[in-house]
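Here is a note for a colleague who is meeting this structure for the first time. Please keep the sequence and the model open while reading the points below.

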Amino acid sequence: MIAPERTSMVVEKIAIERKLAQLRYQIETSVPKNDTLLSGRIGRMVYYFYLFRYYQDELFGERAVAILEEIVSNIQEKTSPYLLKYPFSFGLSGFGYVMSLLIEEGIIDIDFEDQLVEFDELIYQGALPELAKGNTDYLHGGMGAVLYLTRRLKNPAVRPYLETMVSILDQLAIRDERGLRFPNTHIARMNQSDNINLGLAHGLCGILLILMRIHEQGIAQPLIETMVSEGIRYLMSFRTPPDPQQGKYSQFPLTIDENSPLDSPENSKEYGARLGWCYGDLNEMMLLYQAGKRMHRPDWTALADDIGAVVIKRHSPRETIIRDSHFCHGTAGVSQYYKRFYDLTGQTVYLEAYRHWIAKTVDFLEEELTSPVYASHAGELLEGFVGSSLVLLSSVSDEDYAWDRIFLLS
């Protein structure tokens with residue numbers, strides 16, 4: 001783990017602590033937009049509970065509990081339209097996942113099991129027809145519900161739920177000589193495109209990572225092993241070397257139009273420079289490292305090493321399209337990837353990269369904390385100061401916080 005190396009962080013702990021205090025002010029003075037995980041009260045509740053865990057200050061615990069009570073009240077009174085639905089990004093799946101995680105982490109000590117059992121049925125019944133229609137989106141569709149249910153095996157009803165969902169995914173899968181992939185009706189509708197999405201937030205990398213969470217529970221293991229293997233084969237069929245002179249920095253495309261040649265302008269532009277939590281080569285690396293470890297495939301780990309040897313050299317905005325500190329597509333998310341790569345491999349190059357991107361996060365925040373543009377998103381987890389704060393908090397803590405399981409990084 002990274003904890004023994006904290007004292008040699010490029011950005012001193014005292015500077016990060018100061019930045020955390022400045023971020024707290026911005027977050028505390030912002031008004032929650034809604035009851036969602038990624039942009040509302042649920043994400044803010046996670047933030048305050050982890051502040052309480054780190055500082056052991058009852059004030060943070062009280063703020064977190066107050067938010068929790070407000071969310072529960074809104075569910076009971078049906079005054080939050082978001083929490084009447086199942087998706088992970090804004091609905092019950094995200095709230096249930098967070099509650100399960102906080103209880104498992106020992107951060108909260110409440111009996112929430114009866115409520116979670118109710119959520120299990122509601123989430124399954126809401127997600128199943130959407131998944132059957134091809135809405136495989138992790139954040140906004142059926143796979144987020146699957147991720148939540150992987151934490152709920154203490155409820156005997158959940159195992160058959162997951163078995164059914166894996167069967168549906170197997171039927172949805174598109175298979176040919178390249179390998180396996182899945183449709184995503186949510187993205188197709190939003191983007192008006194039938195491209196196959198390869199990313200973690202909405203595409204194949206995220207789906208395969210969630211399938212491995214089911215595998216960890218001993219469910220449908222042979223089938224999942226085949227699906228993951230065939231999915232990785234599909235991803236690797238699009239790997240090409242960078243060509244910076246042509247503006248191509250990525251080894252993998254973000255999406256792929258299967259109806260056009262790989263070297264068509266439509267597909268070539270998908271190999272640009274995006275490097276973030278949501279899209280880009282870090283997604284494929286995380287999949288390969290986790291799958292290699294979980295399924296005892298050193299060849300996949302070696303592939304991740306090879307990809308990482310190239311990716312780790314990308315630092316500039318031109319090479320990364322990173323222009324802010326946010327978790328989704330900014331420095332905070334990239335920092336957390338490198339932290340987990342170091343944890344998975346013990347390779348010091350990843351520790352050095354982690355330190356570099358933590359320092360860049362602090363640098364970006366110097367400007368963002370004084371900008372009204374960023375203040376309007378202060379209270380958001382995915383694209384605001386809440387996500388950046390959790391990454392910085394993890395960088396100074398001697399504990400290994402598990403909040404990033406929300407984002408499939410641990």
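1. A residue is called buried here when its relative accessible area is under 20%, and exposed when that value is over 50%. The model is a predicted one, and with that cut-off in hand helix α9 is a useful place to begin, since 12 of its 13 residues are buried. The buried residues of α9 are L204, C205, G206, I207, L208, L209, I210, L211, M212, R213, I214 and H215.

2. Helix α9 covers residues 204-216 and reaches 19 Å from its first C-alpha to its last, which is close to the 18 Å expected at 1.5 Å a residue. What lies over its buried residues includes the helices α6 (142-149), α7 (158-172), α10 (221-236) and α12, together with the strands β2 (179-181) and β3 (196-197). After α9 comes G218, with a positive phi near 75°.

3. Which residues have the most contacts inside the largest nonpolar core? They are F95, Y138, W277, Y338 and F407, in a core of 139 residues. Helix α2 gives the most to this core, with 10 residues. F407 can be followed further: leaving aside its neighbours within four places in sequence, F407 is in contact with L38, Y138, L200, W277, F327, L381 and L382.

4. Two helix pairs deserve a look, and the pair that begins nearer the N terminus of the numbering is α1 (residues 13-28) with α18 (residues 385-396), whose axes come within 10 Å and cross at roughly 155°. Because angles over 145 degrees count as roughly antiparallel, α1 is roughly antiparallel to α18. The crossing is left-handed, and the residues that meet include K13, I16, E17 and L20 in α1 and F385, V386, S389 and L392 in α18.

5. The other pair is α4 (residues 92-104) with α6, whose axes come within 9 Å and cross at roughly 25°. Since angles under 35 degrees count as roughly parallel, α4 is roughly parallel to α6. Here the contact is made by S93, G96 and Y97 of α4 and by G144, A145, L147 and Y148 of α6, and the crossing of α4 and α6 is left-handed.

6. Is N135, in the loop between α5 (113-132) and α6, buried or exposed? At 2% relative accessibility, N135 counts as buried. Not counting neighbours within four places in sequence, the residues in contact with N135 are Y86, E130, H140, G141, G142, N184, T185 and H186.

7. K248 belongs to the loop between α10 and β4 (255-256), and its relative accessible area of 14% means that K248 is buried. Beyond four places in sequence, K248 touches T240, P241, P242, D243, Y271 and G272. K248 and G280 are 32 residues apart in sequence, and their C-alpha atoms are 12 Å apart in space.

8. V158 lies in helix α7 and is buried, with a relative accessible area of 0%. Leaving aside neighbours within four places in sequence, V158 is in contact with D120, L149, R152 and L153. The C-alpha atoms of V158 and V117 are separated by 9.4 Å, although these residues are 41 places apart along the chain.

9. The backbone also deserves a check, because most residues other than glycine have a negative phi. Q56, in the loop between α2 (41-55) and α3 (58-76), has a positive phi near 55° without being a glycine. At 53% relative accessibility, Q56 counts as exposed.

10. H296 is another residue to inspect in this respect, with a positive phi of about 55° although it is not a glycine. H296 is found in the loop between α12 (281-294) and α13 (298-311). Where the cut-off for exposed is over 50%, H296 counts as exposed because its relative accessibility is 67%.

Conventions:
Residues are numbered from 1 along each chain as its sequence is written. This is a predicted model: local features need pLDDT of at least 70, side-chain atom pairs count only at pLDDT 80 or more; totals for chains, interfaces and linings use all residues. Side-chain values use heavy atoms; hydrogens and water are left out. Helices (H or I, at least four residues) and strands (E, at least two) are DSSP runs, numbered from the N terminus. Buried means under 20% relative accessible area, exposed over 50%, partly exposed in between (1.4 Å probe, protein chains only). A nonpolar core is a set of buried Ala, Val, Leu, Ile, Met, Phe, Trp, Tyr and Cys residues joined through side-chain atoms within 4.5 Å. Contact means heavy atoms within 4.5 Å. The expected span of a helix is 1.5 Å times one less than its number of residues. Axes are lines fitted to C-alpha atoms, for helices over the stretch in contact, and angles run from 0 to 180 degrees between N-to-C directions. Angles under 35 degrees count as roughly parallel, over 145 as roughly antiparallel, 65 to 115 as roughly perpendicular and the rest as oblique. A crossing is left-handed if the near helix is turned anticlockwise from the far one by less than a right angle, and right-handed if clockwise.
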